[in-house]
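Got the viewer open? Let's walk through this one together, a selection at a time.

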Amino acid sequence: MESLIINQTTQTPRIAFDAESGNGEIVGVSFPEHANDFYACVNEWVDQFFAEDATRTLHVAFNLNYFNTATTKEIRLLMKHLDKHYTEEKSVHVTWFHEDGDEDMEDIGKGYSVSLNVPVSVEAV
Amino acid sequence: MIAQEILQHYSVAKTAQILMMFKGGLSQNIVVDLGSLLQNRLGFDVKVRRMFGIFVELAQNVKNYSAETEIASDGSEVGIGILILADSGTHYSVNSGNLVRNANAEILKAQCDHLQTLDKSALKAYHEERIESEPPPGSKGAGLGLIEITMKTGGNVHFDFAPFDADYTFFSITATVEK
């Protein structure tokens, strides 16, 4: 399968999911006009990744310093999607990076770490 | 004469400590450009980001829900309104205004009044409820904008309505965040 690479713009993050290593990252800011369309490809890629080999490990890193409310919803859906795979015994790890001192972003990460089964580590950078 | 008129605009902007004002159609491209302008002017530290988040939400609200619209250069129909960012020295004040149909103004007012009755934990619960459900009919986003603005300002948000004409009401939002 192919890696998923979307370059960063002023309104959308860099999305890079490497098919070989199983490392994925979402980096930057996010306030696209149609957040649901923008993020749909990530869920599809994750499904395909595990469909090809259910024994592989996926590491997903979120490193966003701003996103709008429509993106909030899409990130929630992606997290739940990752959580679903995790509860189906796939190996999934999530890291939520936030800038040191950015309490809003830290709280969002911590919210996920307590509400989901998939391990979410929250780290300041 | 012309200088006098422009001086009036200048004086109003200066007195109100306006950092940026925009009136017109808010296409996504314009929202992005205004966002870049703010970042160029103010940087993008954690406090600016909080203000920026409110600014984008208000701009996208006007774009999606203003009853006064125009066709943008990319061919899409976008809402017209006004956005004003002011700096009081200790706070940023982010303001938006746009027309809404009188019938919708009533619904919107009820929604805003409801938000203002919620404390922090009730807001969080309401946000959670909304994020898990389908967007309300007619919503073009996630239907979360006003809730998140109320949360991000710690309740320092003021919704107001002014009569416009027989069909329309002018709806304004003023959100204040610490610098």
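## Starting with chain B

Keep in mind that this is a predicted model. Select chain B and trace it along the sequence: its elements follow the pattern α-β-α-α-β-β-β-α-α-α-β-β. That gives 6 helices and 6 strands to colour. Its radius of gyration is 17 Å, close to the 16 Å that the globule rule gives for 179 residues, so chain B is as compact as a globular protein of that length. If you draw a box along the principal axes, the C-alpha atoms of chain B fill roughly 55 × 40 × 30 Å. Buried residues account for 31% of the 179 in this chain. As for contacts in chain B with a separation of 6 or more, 63% of them link residues 24 or more positions apart.

## Over to chain A

Now hide chain B and show chain A as a cartoon. You should find 3 helices and 6 strands, running β-β-β-α-β-α-β-α-β from the N terminus. The radius of gyration here is 14 Å, close to the 14 Å from the globule rule for 125 residues, so chain A is as compact as a globular protein of that length. The box for its C-alpha atoms, again along the principal axes, is roughly 35 × 30 × 25 Å. Of its 125 residues, 35% count as buried.

## The sheet, strand by strand

Select the strands of chain A. They build an open sheet of 6 strands in the order S1-S2-S3-S4-S5-S6, with mixed pairing. Which strands sit at the edges? Those are S1 (4-6) and S6 (120-124) of chain A, each pairing on one side only. Look along the sheet and you can follow a twist that averages 15° from one strand to the next.

Next, pick residues 14-17 and 23-30 of chain A, which are S2 and S3: they pair in the antiparallel sense over 4 bridges. Show A:Phe17 and you'll see A:Gly24 of S3(A) opposite. S2(A) and S3(A) form a hairpin with 5 residues between them. Click on A:Gly22 in that turn, where phi is positive at about 75°.

Stay on A:Gly24 and look over to S4(A), where its bridge partner is A:Val60. S3(A) and S4(A) run parallel, joined by 8 bridges. To see how the chain gets from one to the other, add H1 (residues 35-52) of chain A: S3(A), this helix and S4(A) make a right-handed β-α-β unit.

Move on to S5 (residues 91-98) of chain A, which runs parallel to S6(A) with 5 bridges between them. A good spot to zoom in is A:Thr95, which stands opposite A:Ser121 in S6(A). Then bring in H3 (residues 103-115) of chain A: this helix lies across S4, S5 and S6 of chain A, at about 160° to S6(A).

## Where the chains meet

Last stop: show both chains again. How many residues of chain A are in contact with chain B? There are 16, and they touch 17 residues of chain B. On the chain A side, the elements that give two or more residues are S4 (57-67) and H2 (69-87). H2(A) gives the most, with 5 residues. Colour this side of chain A by residue type and you get 3 nonpolar, 7 polar and 6 charged.

Technical notes: Residues are numbered from 1 along each chain as its sequence is written. Chains are lettered from A and ligands numbered from 1 in the order in which they are written. This is a predicted model: local features need pLDDT of at least 70, side-chain atom pairs count only at pLDDT 80 or more; totals for chains, interfaces and linings use all residues. The radius of gyration is taken over C-alpha atoms; the globule rule is 2.2 Å times the number of residues to the power 0.38. A residue is buried if 20 or more other C-beta atoms lie within 10 Å of its own, exposed if 12 or fewer, and partly exposed in between; C-beta atoms are placed from the backbone. Two residues are in contact if their C-beta atoms, placed from the backbone, lie within 7 Å. Ala, Val, Leu, Ile, Met, Phe, Trp, Tyr, Cys and Pro count as nonpolar, Asp, Glu, Lys and Arg as charged, and the others, Gly among them, as polar. Two strands pair if DSSP finds at least two bridges between them. Axes are lines fitted to C-alpha atoms, for helices over the stretch in contact, and angles run from 0 to 180 degrees between N-to-C directions. A crossover is right-handed if, with the strands pointing away from the viewer, the path from the first strand over the helix to the second runs clockwise.
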